[in-house]
Amino acid sequence: MATTQIRGLGYLKVQTRHIERWREFALDGLGFAEGSGPDPDGLYLRMDERRARLAVLPGDGDRVLAVGWEVRDQYALAAVREAVEKAGTAVTALTPKEAAERDAEEVIAFTDPGGTPVEVFFGPVLDHSPLRTGFAQKFVTGAMGMGHVVLPTPNFAETVTFYTEVLGFLPRGAMKVGGGPVRIRFMGVNQRHHSIAICPAPHDGDPGLVHLMVEVDTLDAVGIALDAVTAKGFSVSSTLGRHTNDKMVSFYVRAPGGWDIEYGCEGMLVDEAYYTAEEITKDSYWGHDWSGSEPLAAFVPPGK
């Protein structure tokens, strides 16, 4: 297995048809701070000293535009590029202008075997103005990156192999789905239990995302956000609960566009000196009742 150069999830860029609803969702519902970015009609969301961790851009559909992974420096970026090219995947180096639009010094881009647009970067641009989140909460980022993403793919085995053997993500356990041999696989690059999970899905294409998880510093902030999204009429996909693998206390809420944001606290820190990849048999110790949730777009056949 490759040793990884990737330090964490750096940013997520998505497109939506529902930009105004997104604004209400992210700022009023979840307490993100408003950041800045190049598209005057875009919504740029701050969680820390980065100008934007989540960029939401208006467009004709709801889809992932880029999952951005962060590396230490230009040497690490070159190493990732070499590994991806050796694996037979074409890599594009973004122009200085395109990199500047992403608030990074240098960025490379490629597509993973599941069809997800991936970007790897170094040199994030910082914003040193005071961060004023909606609920005075602090997001847990820093050494653990922005959070985690769960990606759907019909090319499950190939996608898992790509993230572990080419990009060097460490296996952090699994869970069987549907009673069969198929597993959701969790993978990490830092002390966050998982920065990515790969989930078998019936089709690729839009929106290309199951959920994004962001973590905050207190249970009260999670509860306040749950009240706020409920009051604003957003669909709560899953009730509050505690996961078995990463110990996160969280709820899931449907973002405009058919995928979820998991909003949680108290995620465990993995000590790689002792950690072994485990298989969980139950998603949560308690809570996380999904019975009221609308179907996720990633699992609904296109055109339905």
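# Reading a predicted model, feature by feature

Trainee: Is Ala-136 buried or exposed?

Mentor: Ala-136 has a relative accessible area of 70%. Exposed means over 50%, so Ala-136 counts as exposed. Keep in mind that this model is predicted.

Trainee: Where is Ala-136 found?

Mentor: Look in the loop between E8 and E9.

Trainee: How do I read its backbone? What is phi of Ala-136 near?

Mentor: Start with the general idea. Most residues other than glycine have a negative phi, and most peptide bonds are trans. Now the case here. Phi of Ala-136 is near 55 degrees, a positive value in a residue that is not glycine. Lys-247 has a positive phi too, near 65 degrees. Lys-247 sits in the loop between E14 and E15. With 29% relative accessibility, Lys-247 counts as partly exposed.

Trainee: And the peptide bonds? What is the bond from Asp-206 to Pro-207?

Mentor: That bond is cis, with omega near -5 degrees. Pro-207 belongs to the loop between strand E12 (196-200) and strand E13 (211-215).

Trainee: Let's turn to a helix. How many residues has helix H5, and how far does it reach?

Mentor: H5 runs over residues 219-231 and has 13 residues. From first C-alpha to last, H5 reaches 18 Å. That is close to the 18 Å expected at 1.5 Å a residue.

Trainee: Which residues of H5 are buried?

Mentor: They are Ala-221, Val-222, Ala-225, Leu-226, Ala-228 and Val-229. These buried residues cover an arc of only 165 degrees around the axis, so they are on the same side of H5. On the other side of H5 you find Asp-220, Asp-227 and Ala-231, which are exposed.

Trainee: What covers the buried residues of H5?

Mentor: The cover includes helix H1 (19-29) and three strands: E14 (236-243), E15 (249-255) and E16 (259-265). After H5 comes Gly-233, with a positive phi near 80 degrees.

Trainee: Now sheets. What order do the strands take in the open sheet of 8 strands?

Mentor: The general idea helps you look at any strand. In a regular strand the side chains alternate between the two faces of the sheet. Here the order is E2-E3-E4-E1-E5-E8-E7-E6, with mixed pairing. Strand E2 (33-34) and strand E6 (92-93) stand at the edges. Each has a single partner strand, so one side of each lacks a neighbour in the sheet.

Trainee: How many bridges join strand E5 to strand E8?

Mentor: There are 4, between E5 (residues 63-71) and E8 (residues 117-122), and these strands run parallel. Glu-70 stands opposite Phe-121 in E8. Helix H1 packs on the sheet, touching strand E1 (6-16), E2, strand E3 (43-46) and strand E4 (54-58). The direction of H1 makes about 10 degrees with that of E3.

Trainee: In which sense do strand E10 and strand E11 pair?

Mentor: E10 (residues 170-176) and E11 (residues 183-188) pair in the antiparallel sense, over 5 bridges. Pro-171 has Met-187 in E11 as its bridge partner. The two strands form a hairpin with 6 residues between them. Gly-178 in the turn has a positive phi of about 65 degrees. E10 is also joined to strand E17 (residues 279-280) by 2 bridges, and these run parallel. There the partner of Met-175 is Ile-280 in E17.

Trainee: Last topic, aromatic rings. How far apart are the ring centres of Phe-139 and Tyr-263?

Mentor: General idea again. A pair of aromatic rings is described by the distance of the centres and the angle of the planes. The count here comes to 12 aromatic pairs. Phe-139 and Tyr-263 have their ring centres 6.4 Å apart and their planes at 80 degrees, so the pair is edge-to-face. Phe-139 lies in the loop between E8 and strand E9 (148-153), and Tyr-263 in strand E16. The pair therefore ties together parts that are 124 residues apart in sequence. Phe-139 is buried at 8% relative accessibility, and Tyr-263 is buried at 0%.

Trainee: What kind of aromatic pair do Tyr-163 and Phe-169 form?

Mentor: An edge-to-face pair, 5.5 Å centre to centre and 80 degrees between the planes. Both Tyr-163 and Phe-169 are buried. They form one aromatic cluster with Trp-69, Phe-110 and Phe-162.

Note on methods. Residues numbered from 1 in each chain as written. Heavy atoms only, no water. Expected span 1.5 Å × (residues − 1). Buried < 20%, exposed > 50% of the residue type's maximum accessible area, 1.4 Å probe, protein only. Arc of directions from axis to C-beta. Contact = heavy atoms within 4.5 Å. Pairing = 2+ DSSP bridges. Axes fitted to C-alpha atoms, helices over the stretch in contact; angles between N-to-C directions. Phe/Tyr/Trp six-rings, centres within 6.5 Å; stacked < 30°, edge-to-face > 60°.
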